Amino acid sequence: MSQEKVLKEERAFSKEQYWEWYENMLLVRRFEEKTAQLYGQQKIRGFCHLYIGQEACAAGQVSALTKDDHYITAYRDHAHPIMLGTDPGAVMAEMYGRATGTTKGKGGSMHIFDKSVNFAGGHGIVGAQIPMGAGIAFGEKYKGTKNLCVTMFGDGAIRQGAMHEAFNMAMAWKLPVIFIVENNGYAMGTSVERTSNVHHLYELGSAYDIPSRPVDGMDVEEVHIAMEEAAAHIRAGKGPYFLEFRTYRYKGHSMSDPAKYRTKEEVAEYKAQDPIEKVKNKLIEKGYATAEELKEFDKKMKQKVLDAVKFAEESPYPEASEAYTDVYVEPDYPFLDS
(Lines give C-alpha, C1' and ligand atoms only; values in the text may rest on other atoms or scores of the structure.)
Protein backbone atom coordinates (compact mmCIF):
# COMPACT_ATOMS: atom_id res chain seq x y z
CA MET A 1 0.00 0.00 0.00
CA SER A 2 1.35 3.44 -0.92
CA GLN A 3 2.39 5.99 1.71
CA GLU A 4 -0.52 8.31 1.00
CA LYS A 5 -3.04 5.44 1.12
CA VAL A 6 -1.71 4.38 4.54
CA LEU A 7 -2.04 7.96 5.79
CA LYS A 8 -5.52 8.16 4.30
CA GLU A 9 -6.63 5.02 6.15
CA GLU A 10 -5.42 6.53 9.42
CA ARG A 11 -7.01 9.93 8.82
CA ALA A 12 -10.56 10.95 9.67
CA PHE A 13 -12.03 13.99 7.92
CA SER A 14 -15.01 15.94 9.20
CA LYS A 15 -18.45 16.24 7.70
CA GLU A 16 -17.70 19.91 7.01
CA GLN A 17 -14.54 19.00 5.09
CA TYR A 18 -16.32 16.54 2.83
CA TRP A 19 -19.02 19.09 2.12
CA GLU A 20 -16.41 21.77 1.34
CA TRP A 21 -14.69 19.46 -1.12
CA TYR A 22 -17.97 18.44 -2.72
CA GLU A 23 -19.13 22.03 -3.12
CA ASN A 24 -15.83 23.24 -4.57
CA MET A 25 -15.46 20.38 -7.01
CA LEU A 26 -19.08 20.28 -8.11
CA LEU A 27 -19.22 24.05 -8.65
CA VAL A 28 -16.11 23.92 -10.82
CA ARG A 29 -17.41 20.89 -12.76
CA ARG A 30 -20.71 22.64 -13.53
CA PHE A 31 -18.88 25.87 -14.33
CA GLU A 32 -16.59 24.11 -16.81
CA GLU A 33 -19.44 22.19 -18.42
CA LYS A 34 -21.31 25.45 -18.98
CA THR A 35 -18.10 27.04 -20.29
CA ALA A 36 -17.83 24.28 -22.91
CA GLN A 37 -21.43 24.89 -23.98
CA LEU A 38 -20.91 28.66 -24.23
CA TYR A 39 -17.71 28.17 -26.19
CA GLY A 40 -19.63 26.03 -28.68
CA GLN A 41 -22.11 28.88 -29.03
CA GLN A 42 -19.18 31.26 -29.68
CA LYS A 43 -20.09 33.38 -26.67
CA ILE A 44 -16.63 32.61 -25.30
CA ARG A 45 -13.79 32.88 -27.79
CA GLY A 46 -10.04 32.48 -27.97
CA PHE A 47 -8.21 29.62 -26.30
CA CYS A 48 -10.01 27.74 -23.54
CA HIS A 49 -8.74 24.84 -21.42
CA LEU A 50 -11.10 22.94 -19.12
CA TYR A 51 -10.33 21.35 -15.74
CA ILE A 52 -12.99 18.63 -15.94
CA GLY A 53 -11.65 15.51 -14.24
CA GLN A 54 -8.87 17.30 -12.37
CA GLU A 55 -11.01 19.00 -9.71
CA ALA A 56 -9.52 17.06 -6.78
CA CYS A 57 -6.09 18.53 -7.52
CA ALA A 58 -7.30 22.05 -6.77
CA ALA A 59 -9.75 21.20 -3.98
CA GLY A 60 -7.18 19.27 -1.94
CA GLN A 61 -4.64 22.07 -2.26
CA VAL A 62 -7.00 24.79 -1.07
CA SER A 63 -8.27 22.78 1.91
CA ALA A 64 -4.76 21.95 3.14
CA LEU A 65 -3.25 25.45 3.05
CA THR A 66 -3.91 28.88 4.54
CA LYS A 67 -5.51 32.01 3.12
CA ASP A 68 -2.10 33.69 3.11
CA ASP A 69 -0.45 31.17 0.79
CA HIS A 70 -0.03 31.94 -2.92
CA TYR A 71 -0.89 30.11 -6.13
CA ILE A 72 0.34 30.37 -9.70
CA THR A 73 -0.46 28.09 -12.61
CA ALA A 74 -0.60 27.71 -16.39
CA TYR A 75 -3.58 28.45 -18.61
CA ARG A 76 -5.92 25.71 -17.29
CA ASP A 77 -6.80 28.22 -14.63
CA HIS A 78 -10.53 28.52 -13.91
CA ALA A 79 -10.74 26.14 -10.93
CA HIS A 80 -8.27 27.57 -8.43
CA PRO A 81 -9.55 31.13 -8.16
CA ILE A 82 -13.15 29.92 -7.85
CA MET A 83 -12.20 27.51 -5.06
CA LEU A 84 -10.16 30.23 -3.38
CA GLY A 85 -13.16 32.55 -3.31
CA THR A 86 -13.17 34.55 -6.54
CA ASP A 87 -16.70 35.31 -7.70
CA PRO A 88 -17.57 32.83 -10.50
CA GLY A 89 -19.28 35.75 -12.24
CA ALA A 90 -15.99 37.62 -12.48
CA VAL A 91 -14.28 34.55 -13.99
CA MET A 92 -17.11 34.09 -16.49
CA ALA A 93 -17.09 37.81 -17.34
CA GLU A 94 -13.38 37.60 -18.03
CA MET A 95 -13.96 34.82 -20.53
CA TYR A 96 -16.70 36.95 -22.11
CA GLY A 97 -14.17 39.80 -22.44
CA ARG A 98 -16.23 42.08 -20.21
CA ALA A 99 -15.03 44.97 -18.04
CA THR A 100 -16.22 43.22 -14.86
CA GLY A 101 -13.85 40.31 -15.45
CA THR A 102 -10.92 39.46 -13.21
CA THR A 103 -8.54 41.34 -15.52
CA LYS A 104 -11.11 43.78 -16.94
CA GLY A 105 -11.74 41.55 -19.94
CA LYS A 106 -8.18 41.85 -21.20
CA GLY A 107 -6.92 38.37 -20.42
CA GLY A 108 -9.66 35.92 -21.27
CA SER A 109 -9.73 32.28 -20.24
CA MET A 110 -5.96 31.83 -20.06
CA HIS A 111 -5.20 34.77 -17.79
CA ILE A 112 -7.41 34.74 -14.73
CA PHE A 113 -5.84 36.75 -11.88
CA ASP A 114 -7.13 37.69 -8.45
CA LYS A 115 -4.75 39.35 -6.03
CA SER A 116 -7.42 39.40 -3.31
CA VAL A 117 -7.19 35.59 -2.99
CA ASN A 118 -3.42 35.42 -3.71
CA PHE A 119 -3.97 33.84 -7.12
CA ALA A 120 -1.11 35.08 -9.28
CA GLY A 121 -2.69 33.95 -12.44
CA GLY A 122 -2.82 31.65 -15.35
CA HIS A 123 0.12 32.01 -17.75
CA GLY A 124 0.26 31.19 -21.43
CA ILE A 125 3.99 30.73 -22.00
CA VAL A 126 4.65 27.07 -21.24
CA GLY A 127 6.68 26.76 -18.05
CA ALA A 128 7.18 30.50 -17.59
CA GLN A 129 5.18 30.50 -14.36
CA ILE A 130 7.61 28.07 -12.68
CA PRO A 131 10.44 30.56 -11.98
CA MET A 132 7.78 33.19 -11.26
CA GLY A 133 6.38 30.95 -8.54
CA ALA A 134 9.88 30.56 -7.12
CA GLY A 135 10.11 34.35 -7.18
CA ILE A 136 6.89 34.74 -5.20
CA ALA A 137 8.29 32.25 -2.68
CA PHE A 138 11.53 34.24 -2.50
CA GLY A 139 9.48 37.34 -1.66
CA GLU A 140 7.80 35.54 1.24
CA LYS A 141 11.13 34.28 2.56
CA TYR A 142 12.64 37.76 2.23
CA LYS A 143 9.76 39.22 4.26
CA GLY A 144 10.22 36.56 6.93
CA THR A 145 6.72 35.04 6.66
CA LYS A 146 5.71 31.39 6.91
CA ASN A 147 3.72 31.63 3.67
CA LEU A 148 4.46 29.49 0.65
CA CYS A 149 3.71 29.51 -3.06
CA VAL A 150 2.04 26.62 -4.88
CA THR A 151 3.52 26.53 -8.38
CA MET A 152 1.67 24.32 -10.86
CA PHE A 153 2.48 23.19 -14.37
CA GLY A 154 1.54 20.41 -16.74
CA ASP A 155 3.53 17.37 -17.77
CA GLY A 156 4.38 19.06 -21.08
CA ALA A 157 6.20 21.87 -19.23
CA ILE A 158 8.42 19.56 -17.24
CA ARG A 159 10.96 19.45 -20.05
CA GLN A 160 11.37 23.23 -20.13
CA GLY A 161 14.72 24.54 -19.00
CA ALA A 162 12.99 27.14 -16.84
CA MET A 163 11.74 24.38 -14.55
CA HIS A 164 15.20 22.98 -13.96
CA GLU A 165 16.67 26.41 -13.34
CA ALA A 166 13.89 27.15 -10.84
CA PHE A 167 14.35 23.79 -9.10
CA ASN A 168 18.06 24.42 -8.71
CA MET A 169 17.67 27.94 -7.34
CA ALA A 170 14.73 27.04 -5.07
CA MET A 171 16.70 24.25 -3.43
CA ALA A 172 19.92 26.25 -3.18
CA TRP A 173 18.05 29.07 -1.41
CA LYS A 174 15.57 26.81 0.44
CA LEU A 175 12.60 28.71 -0.96
CA PRO A 176 9.07 28.05 0.40
CA VAL A 177 7.56 26.65 -2.79
CA ILE A 178 5.53 23.53 -3.56
CA PHE A 179 6.16 22.56 -7.17
CA ILE A 180 3.29 20.50 -8.60
CA VAL A 181 3.19 18.80 -11.97
CA GLU A 182 -0.43 18.03 -12.87
CA ASN A 183 0.37 14.99 -14.96
CA ASN A 184 -2.69 14.24 -17.07
CA GLY A 185 -0.62 12.04 -19.31
CA TYR A 186 -0.71 13.80 -22.64
CA ALA A 187 0.60 17.39 -22.46
CA MET A 188 -1.04 18.93 -25.54
CA GLY A 189 -1.60 15.57 -27.19
CA THR A 190 1.56 13.47 -26.94
CA SER A 191 1.95 10.96 -24.12
CA VAL A 192 4.68 11.19 -21.50
CA GLU A 193 5.99 7.82 -22.66
CA ARG A 194 6.73 9.25 -26.13
CA THR A 195 8.45 12.42 -24.93
CA SER A 196 10.47 11.46 -21.88
CA ASN A 197 12.75 8.66 -20.77
CA VAL A 198 11.60 9.39 -17.21
CA HIS A 199 7.99 8.25 -16.91
CA HIS A 200 7.66 8.79 -13.15
CA LEU A 201 7.99 12.56 -13.28
CA TYR A 202 8.42 13.09 -9.54
CA GLU A 203 11.81 11.35 -9.81
CA LEU A 204 13.21 14.44 -11.54
CA GLY A 205 13.23 16.21 -8.18
CA SER A 206 15.94 13.86 -6.93
CA ALA A 207 18.49 15.55 -9.19
CA TYR A 208 18.17 18.61 -6.93
CA ASP A 209 17.65 16.74 -3.62
CA ILE A 210 14.09 18.09 -3.49
CA PRO A 211 11.76 15.79 -1.50
CA SER A 212 9.40 14.41 -4.15
CA ARG A 213 6.60 11.88 -4.45
CA PRO A 214 3.61 10.86 -6.56
CA VAL A 215 0.01 11.52 -5.50
CA ASP A 216 -3.28 10.11 -6.75
CA GLY A 217 -4.73 13.29 -8.22
CA MET A 218 -8.13 11.63 -8.63
CA ASP A 219 -8.54 11.40 -4.84
CA VAL A 220 -9.03 14.68 -2.94
CA GLU A 221 -8.19 13.10 0.42
CA GLU A 222 -4.79 11.97 -0.82
CA VAL A 223 -4.12 15.37 -2.37
CA HIS A 224 -4.97 17.10 0.91
CA ILE A 225 -2.68 14.81 2.92
CA ALA A 226 0.22 15.27 0.51
CA MET A 227 -0.19 19.04 0.57
CA GLU A 228 -0.22 19.11 4.38
CA GLU A 229 2.95 17.07 4.45
CA ALA A 230 4.69 19.31 1.91
CA ALA A 231 3.55 22.49 3.66
CA ALA A 232 4.81 21.29 7.05
CA HIS A 233 8.23 20.52 5.52
CA ILE A 234 8.42 23.97 3.94
CA ARG A 235 7.21 25.93 6.97
CA ALA A 236 9.95 24.20 8.98
CA GLY A 237 12.43 26.05 6.77
CA LYS A 238 13.60 22.99 4.85
CA GLY A 239 12.99 24.37 1.37
CA PRO A 240 10.90 23.24 -1.62
CA TYR A 241 8.81 20.14 -2.19
CA PHE A 242 7.83 18.49 -5.48
CA LEU A 243 4.60 16.55 -6.04
CA GLU A 244 3.41 14.69 -9.12
CA PHE A 245 -0.38 14.72 -9.22
CA ARG A 246 -1.39 11.82 -11.42
CA THR A 247 -4.67 13.02 -12.83
CA TYR A 248 -6.70 12.98 -16.03
CA ARG A 249 -8.60 15.52 -18.09
CA TYR A 250 -11.78 14.13 -19.59
CA LYS A 251 -11.78 16.69 -22.39
CA GLY A 252 -9.06 17.52 -24.90
CA HIS A 253 -6.12 19.78 -24.17
CA SER A 254 -8.21 22.74 -25.26
CA MET A 255 -11.65 23.23 -26.74
CA SER A 256 -10.17 22.84 -30.23
CA ASP A 257 -8.69 19.40 -29.43
CA PRO A 258 -10.81 16.35 -30.38
CA ALA A 259 -8.42 14.14 -28.33
CA LYS A 260 -8.29 11.35 -30.91
CA TYR A 261 -4.99 10.17 -29.46
CA ARG A 262 -6.92 8.46 -26.62
CA THR A 263 -9.28 5.50 -26.70
CA LYS A 264 -12.84 5.71 -25.43
CA GLU A 265 -12.02 2.80 -23.14
CA GLU A 266 -9.20 4.72 -21.50
CA VAL A 267 -11.37 7.77 -20.86
CA ALA A 268 -14.10 5.55 -19.42
CA GLU A 269 -11.57 3.90 -17.12
CA TYR A 270 -10.64 7.25 -15.61
CA LYS A 271 -14.23 8.45 -15.41
CA ALA A 272 -14.86 5.41 -13.23
CA GLN A 273 -12.42 7.01 -10.76
CA ASP A 274 -14.23 10.36 -10.81
CA PRO A 275 -13.10 12.43 -7.80
CA ILE A 276 -16.51 14.06 -7.30
CA GLU A 277 -18.31 10.72 -7.25
CA LYS A 278 -15.85 9.48 -4.62
CA VAL A 279 -16.72 12.34 -2.27
CA LYS A 280 -20.42 12.04 -3.09
CA ASN A 281 -20.32 8.36 -2.11
CA LYS A 282 -18.49 9.20 1.12
CA LEU A 283 -21.16 11.75 2.06
CA ILE A 284 -23.85 9.10 1.62
CA GLU A 285 -21.89 6.24 3.23
CA LYS A 286 -21.10 8.30 6.34
CA GLY A 287 -24.65 9.55 6.66
CA TYR A 288 -23.65 13.15 6.02
CA ALA A 289 -26.16 13.56 3.22
CA THR A 290 -28.92 11.74 1.38
CA ALA A 291 -29.09 11.18 -2.36
CA GLU A 292 -32.02 13.59 -2.51
CA GLU A 293 -30.11 16.31 -0.64
CA LEU A 294 -27.19 15.94 -3.03
CA LYS A 295 -29.52 16.15 -6.01
CA GLU A 296 -30.92 19.43 -4.69
CA PHE A 297 -27.42 20.70 -4.00
CA ASP A 298 -26.46 19.99 -7.60
CA LYS A 299 -29.37 22.20 -8.71
CA LYS A 300 -28.03 24.94 -6.44
CA MET A 301 -24.58 24.75 -8.06
CA LYS A 302 -26.09 24.82 -11.56
CA GLN A 303 -28.05 27.93 -10.61
CA LYS A 304 -24.91 29.55 -9.26
CA VAL A 305 -23.29 29.01 -12.66
CA LEU A 306 -26.33 30.40 -14.47
CA ASP A 307 -26.11 33.48 -12.24
CA ALA A 308 -22.46 33.85 -13.27
CA VAL A 309 -23.43 33.67 -16.94
CA LYS A 310 -26.19 36.26 -16.44
CA PHE A 311 -23.71 38.58 -14.72
CA ALA A 312 -21.23 38.19 -17.60
CA GLU A 313 -23.80 38.72 -20.33
CA GLU A 314 -25.19 41.84 -18.66
CA SER A 315 -21.74 43.34 -18.07
CA PRO A 316 -20.35 46.01 -20.42
CA TYR A 317 -17.37 45.64 -22.67
CA PRO A 318 -14.30 47.63 -21.61
CA GLU A 319 -13.88 51.13 -23.01
CA ALA A 320 -11.31 51.49 -25.80
CA SER A 321 -9.21 53.63 -23.46
CA GLU A 322 -8.64 50.56 -21.27
CA ALA A 323 -6.11 49.38 -23.85
CA TYR A 324 -3.76 52.01 -22.40
CA THR A 325 -4.27 51.25 -18.71
CA ASP A 326 -2.48 48.67 -16.57
CA VAL A 327 0.42 48.60 -19.02
CA TYR A 328 2.92 50.03 -16.55
CA VAL A 329 2.98 49.70 -12.77
CA GLU A 330 3.92 53.36 -12.42
CA PRO A 331 1.02 55.61 -13.52
CA ASP A 332 3.51 58.40 -14.31
CA TYR A 333 5.99 56.19 -16.15
CA PRO A 334 8.35 58.77 -17.73
CA PHE A 335 8.57 57.24 -21.20
CA LEU A 336 4.85 56.63 -21.69
CA ASP A 337 4.36 59.58 -24.06
CA SER A 338 7.72 59.41 -25.80
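Is Gln42 buried or exposed? Gln42 is exposed, with a relative accessible area of 53%. That residue gets its own close-up below, alongside a few helix pairs from this predicted model.

**Figure 1. The whole chain, for orientation.** Before zooming in, here is the overall picture of the predicted model. The chain is built from twelve helices and six strands. Its C-alpha trace spans about 65 × 55 × 40 Å along the principal axes. For 338 residues, a compact globule would have a radius of gyration near 20 Å, and the chain agrees, with 20 Å. Of the 338 residues, 51% count as buried. Look at contacts with a separation of 6 or more, and 75% of them come from residues 24 or more positions apart.

**Figure 2. Gln42, in the loop between H2 and H3.** Here's the residue we opened with. Gln42 isn't a glycine, yet it has a positive phi of about 65 degrees. Its relative accessible area of 53% is over the 50% cut-off, so Gln42 counts as exposed.

**Figure 3. Asp209, in the loop between H8 and S5.** Helix H8 covers 192-195 and strand S5 covers 212-216, with Asp209 found in the loop between them. Asp209 has a positive phi, near 60 degrees, in a residue other than glycine. How accessible is Asp209? The relative accessibility is 63%, so Asp209 counts as exposed.

**Figure 4. Helix H3 against helix H9.** Zoom in on residues 55-64 (H3) and residues 220-235 (H9), which pack with their axes 8 Å apart at an angle of about 45 degrees. The two helices are therefore oblique to each other, and their crossing is right-handed. On the H3 side, the residues to pick out are Ala56, Cys57, Ala59, Gly60, Gln61, Ser63 and Ala64. They meet Val220, Val223, His224, Met227 and Glu228 in H9. Sorted by class, this contact has seven nonpolar, four polar and one charged residues.

**Figure 5. Helix H2 against helix H9.** H9 is back, now with H2 (residues 15-40) as its partner. The axes of H2 and H9 come within 11 Å and cross at roughly 110 degrees. That angle falls in the 65 to 115 degree range, so H2 and H9 are roughly perpendicular to each other. Which residues of H2 should you look for in this contact with H9? They are Gln17, Tyr18, Trp21 and Met25, and they meet Val220, Glu221 and His224 in H9. The contact of H2 with H9 divides into four nonpolar residues, two polar and one charged. Val220 and His224 will look familiar if you've just come from the previous view, since H3 meets them too.

**Figure 6. Helix H5 against helix H12.** In the last close-up, H5 (residues 88-95) packs with H12 (residues 291-314) at an angle of about 50 degrees, and their axes are 8 Å apart. That makes H5 oblique to H12. The crossing of H5 with H12 is right-handed. H5 brings Pro88, Gly89, Ala90, Met92 and Ala93 to the contact, while H12 brings Ala308, Val309, Phe311 and Ala312. How many charged residues are there in the contact of H5 with H12? There are no charged ones; the contact has eight nonpolar residues and one polar.

Definitions and conventions
Residues numbered from 1 in each chain as written. Predicted model: local features only at pLDDT ≥ 70, side-chain atom pairs only at ≥ 80, totals over all residues. Heavy atoms only, no water. Axes fitted to C-alpha atoms, helices over the stretch in contact; angles between N-to-C directions. Helix = DSSP H or I, 4+ residues; strand = E, 2+ residues; numbered from the N terminus. Parallel < 35°, antiparallel > 145°, perpendicular 65-115°, else oblique. Left-handed = near helix turned anticlockwise from the far one by under 90°. Contact = heavy atoms within 4.5 Å. Nonpolar A, V, L, I, M, F, W, Y, C, P; charged D, E, K, R; others polar. Rg over C-alpha atoms; globule rule 2.2 N^0.38 Å. Buried < 20%, exposed > 50% of the residue type's maximum accessible area, 1.4 Å probe, protein only.
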